[in-house]
Amino acid sequence: MSPLRDRELVCARCQTRFLYTVAEQRQHAREGHSAPYVLCPGCRALQHLLRRRRGVVKWYDRRKGYGFAQDEQGGDVFIHVSEVRGKVPRRGQTVEYRLEETERGSAAKEVVVQG
Ligand SMILES: [Zn+2]
């Protein structure tokens, strides 16, 4: 495998060219992202600020370690055990999370069960 190096990418949202640094690549790899972010740092920060959202758990399989919530804006959001902070989500409960778009659809990050 070739060593990591800074890469120039084009932001998927604003089309700005930006440097995807080795530090960011390492951080995203630690967080388990399968593909590099395609948003520039500015859009990423904006997304982080804007995307703290709520949803209702449709189902969550404790043994498999994942499930889905219905986002307040209607779409399905994937919940993985590695993103659950504190209590395990259960069907019908409200969860708060940061919404992130991935190659495989919407995913909930830093999931917290409300109440
Ligand atoms: Zn951008």
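Strand E5 (residues 76-80) and strand E7 (residues 105-113) run parallel where they pair, joined over two bridges. Ile79 has Ala108 in E7 as its bridge partner. The model is predicted.

Both strands belong to a closed barrel of five strands. The order is E3-E4-E5-E7-E6, and the pairing is mixed. From one strand to the next, the twist averages 50 degrees.

Next comes the metal site. A zinc ion is held by four sulfur donors: the SG atoms of Cys11, Cys14, Cys40 and Cys43, at 2.2 to 2.4 Å. The angles among the four donor atoms are 104 to 113 degrees, and the site is tetrahedral. Along the chain, the donors follow the spacing C-x2-C-x25-C-x2-C. One pair of them, Cys14 and Cys40, links distant parts of the chain, 26 residues apart. Cys14 sits in the loop between strand E1 (7-10) and strand E2 (17-20). Cys40 sits in the loop between helix H1 (22-30) and helix H2 (41-50).

Are these two cysteines buried or exposed? The table gives the values.

| Residue | Relative accessible area | Class |
|---|---|---|
| Cys14 | 34% | partly exposed |
| Cys40 | 8% | buried |

Cys40 counts as buried because its 8% is under the 20% cut-off. Cys14, at 34%, is partly exposed, since that class lies between 20% and 50%.

Note on methods
Residues numbered from 1 in each chain as written. Predicted model: local features only at pLDDT ≥ 70, side-chain atom pairs only at ≥ 80, totals over all residues. Heavy atoms only, no water. Donors = N, O, S within 2.8 Å, 3.2 Å for Na, K, Ca; no water. Tetrahedral: all angles 85-135°; square planar, octahedral: opposite > 155°, others 65-115°. Helix = DSSP H or I, 4+ residues; strand = E, 2+ residues; numbered from the N terminus. Buried < 20%, exposed > 50% of the residue type's maximum accessible area, 1.4 Å probe, protein only. Pairing = 2+ DSSP bridges. Axes fitted to C-alpha atoms, helices over the stretch in contact; angles between N-to-C directions.
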